[in-house]
Amino acid sequence: MNSGYSFFSFHEMKKIVYLLVFALLITACHFEPLNNKSELKIVVASDIHYFLKEYYKDCDWFEESVLQGDGKMVTYCDEIVDAFIKDVEKINPDLVILTGDLSFYGEKGSHEALAKKLLTLKDKGIHVAVIPGNHDIDSIYAKGYGKDDFIKVDNVNAEMFKSIYKDLGYDISYHQHRDSLSYSIQLNHKYTLFMMDSTAHQLTGSNLDIGGYFTESTMEWLEDELKSVKDNDRIPIVAMHHNLAIHNNLINQGYTIKDYQTIAKLFQNYQVPFVLTGHIHCQNIREVNGIYDIASSSLLDAPLQYGVMTLKDNGMEYHTQSLKISQDANEYFDLVSSNKFAEAFEVIKDKKIREEMKEVVVKANRYYFAGNIFLHIDELKNMKGYAYFYKEEGEKLSFYKGYLENLMSDTNNNQSLNLIY
Ligand SMILES: [Fe+2]
């Protein structure tokens with residue numbers, strides 16, 4: 001030993017410095033906020049469910065099966081995503097947030113193709129931040145559609161997801177959670193955004209559960225992060241796939257995140273003003289413990305809408321805008337709803353009455369999922385089929401009568417929100 005105070009050789013010291021610099025780089029990617037503006041423009045969309053055409057190009061029965069589905073215009077997803085990207089370029093926001101279910105059923109090729117399209121925004125200087133939904137990771141339903149049968153396709157695990165979307169959120173993260181795909185972004189001098197992974201998997205394994213939850217480790221990480229945000233007098237906002245609120249008394253099973261009351265209490269304690277969610281494919285805004293849950297409808301469902309949000313130091317303004325494509329999205333949604341309700345309405349023997357009654361529920365369904373049924377109450381009540389729900393025909397269709405009343409009881413404008421805090 002040549003001196004009393006040196007424990008390390010020069011080479012060892014050099015190694016330690018390198019290791020420290022490396023550790024700093026991987027634990028915190030962005031010390032600087034995303035930008036210095038006091039007013040931020042953010043575009044938010046959800047449940048794109050992108051499906052690579054390659055996976056069904058030889059199948060002539062795929063479109064038929066989609067028309068029996070839930071209304072998503074899956075076979076138009078390229079046109080819709082391209083139109084969305086064009087709109088976003090025109091809006092030129094500071095950030096685009098996508099709240100999960102990026103892929104149809106978690107196919108690797110769908111994820112890769114969507115990421116490629118989204119990266120064109122990045123090339124134009126527009127940041128994009130994604131989180132996974134319940135369809136996106138370790139999906140056992142990932143498959144293609146061949147001539148006569150399904151075909152096997154690759155899905156993705158959590159590590160692959162993070163790698164495919166590495167430049168679509170993770171690159172601008174401030175902190176990342178080690179055990180999930182959650183991360184935070186310092187948006188400006190005031191706002192921290194938490195992109196929360198509610199898909200109930202951990203990086204080391206999978207656990208399919210469409211209900212979604214935050215693991216214990218995710219909750220601990222989130223609480224620590226919220227504490228530090230509060231200490232620094234910043235405003236935390238949250239994006240996650242599963243809903244924080246119960247958006248509908250009939251339709252909520254599997255949509256609202258597990259232990260939502262505990263999570264809402266946590267958000268209340270740390271003054272989260274609103275959360276951005278998706279999953280339910282219904283444009284709906286509900287309050288829980290004073291926190292607004294803005295659920296974006298699926299970008300693939302009529303009216304093909306996304307949210308545009310302005311964040312100010314003391315509040316926010318939010319409204320939705322719709323895309324235009326070659327096919328009439330309302331007509332398409334009505335056709336799928338009509339197919340879905342057809343069998344149940346067979347109990348009405350008079351064909352004319354049956355169709356008139358069905359038309360009321362078909363329209364109400366579309367208005368409700370678009371988030372603007374409050375504008376159409378008189379129109380629905382004045383339709384020929386409406387009165388039959390309150391005659392003997394209505395008794396034969398008691399479920400649909402209840403469903404219709406449930407939809408028509410929503411008096412909110414779910415397509416816009418202004419908050420001051
Ligand atoms: Fe979805």
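Let me start with Pro-303, which sits in the loop between strand S12, residues 291–295, and strand S13, residues 305–312. In this predicted model, the peptide bond that leads from Ala-302 to Pro-303 is cis, and its omega angle is near 5°.

Staying with loops for a moment, there are two residues whose backbone angles I would like you to look at. One is His-49, in the loop that runs between strand S1, residues 40–45, and helix H2, residues 62–66; the phi of His-49 is positive, near 45°, although the residue is not a glycine. Is His-49 buried or exposed? His-49 counts as buried, because 26 C-beta neighbours lie inside 10 Å, and the cut-off for that class is 20 or more.

The other is Asp-259, in the loop between strand S9, residues 235–240, and helix H7, residues 260–269. Here too phi is positive in a residue other than glycine, with a value near 60°. Asp-259 counts as partly exposed, because it has 13 C-beta neighbours inside 10 Å.

Let me now step back to the whole protein, which has 12 helices and 15 strands. Along its principal axes, the C-alpha trace spans about 105 × 55 × 40 Å. For 421 residues, a compact globule would have a radius of gyration near 22 Å, and the protein has 24 Å, which agrees. Of those 421 residues, 43% count as buried. If we take the contacts between residues at least 6 apart in sequence, 73% of them join residues that are at least 24 apart.

Next, I would like to spend some time on a pair of helices, H9, residues 351–370, and H12, residues 398–408, whose axes come within 10 Å and cross at roughly 35°. The crossing of H9 and H12 is left-handed. Which residues of H9 meet H12? They are Val-360, Val-361, Ala-364, Asn-365 and Tyr-368, and on the H12 side they meet Tyr-400, Tyr-403, Leu-404, Leu-407 and Met-408. Sorted by class, this contact has 9 nonpolar residues, 1 polar residue and no charged ones. As background for reading such a list, an α-helix has 3.6 residues a turn, so residues three or four places apart point the same way.

We can also check the length of H9, because at 1.5 Å a residue its 20 residues should span 28 Å, and its end C-alpha atoms are 28 Å apart, which agrees. H9 is followed by Gly-371, whose phi is positive, near 90°.

A little further along the chain comes Phe-374, in the loop between H9 and helix H10, residues 377–381. Phe-374 counts as partly exposed, because 16 C-beta neighbours lie inside 10 Å. Leaving aside its neighbours within four places in sequence, Phe-374 is in contact with Asp-410, Thr-411, Asn-412 and Asn-413. Phe-374 and Ser-409 are 35 residues apart in sequence, and their C-alpha atoms are 8.2 Å apart in space.

Finally, please find Asp-224, which is in helix H6, residues 216–231. Asp-224 is exposed, because 12 other C-beta atoms lie within 10 Å, and 12 or fewer is the cut-off for that class. How far apart are Asp-224 and Gly-402 in sequence and in space? They are 178 residues apart in sequence, and from C-alpha to C-alpha they are 44 Å apart in space.

Note on methods
Residues are numbered from 1 along each chain as its sequence is written. This is a predicted model: local features need pLDDT of at least 70, side-chain atom pairs count only at pLDDT 80 or more; totals for chains, interfaces and linings use all residues. Axes are lines fitted to C-alpha atoms, for helices over the stretch in contact, and angles run from 0 to 180 degrees between N-to-C directions. Helices (H or I, at least four residues) and strands (E, at least two) are DSSP runs, numbered from the N terminus. A crossing is left-handed if the near helix is turned anticlockwise from the far one by less than a right angle, and right-handed if clockwise. Two residues are in contact if their C-beta atoms, placed from the backbone, lie within 7 Å. Ala, Val, Leu, Ile, Met, Phe, Trp, Tyr, Cys and Pro count as nonpolar, Asp, Glu, Lys and Arg as charged, and the others, Gly among them, as polar. The expected span of a helix is 1.5 Å times one less than its number of residues. The radius of gyration is taken over C-alpha atoms; the globule rule is 2.2 Å times the number of residues to the power 0.38.
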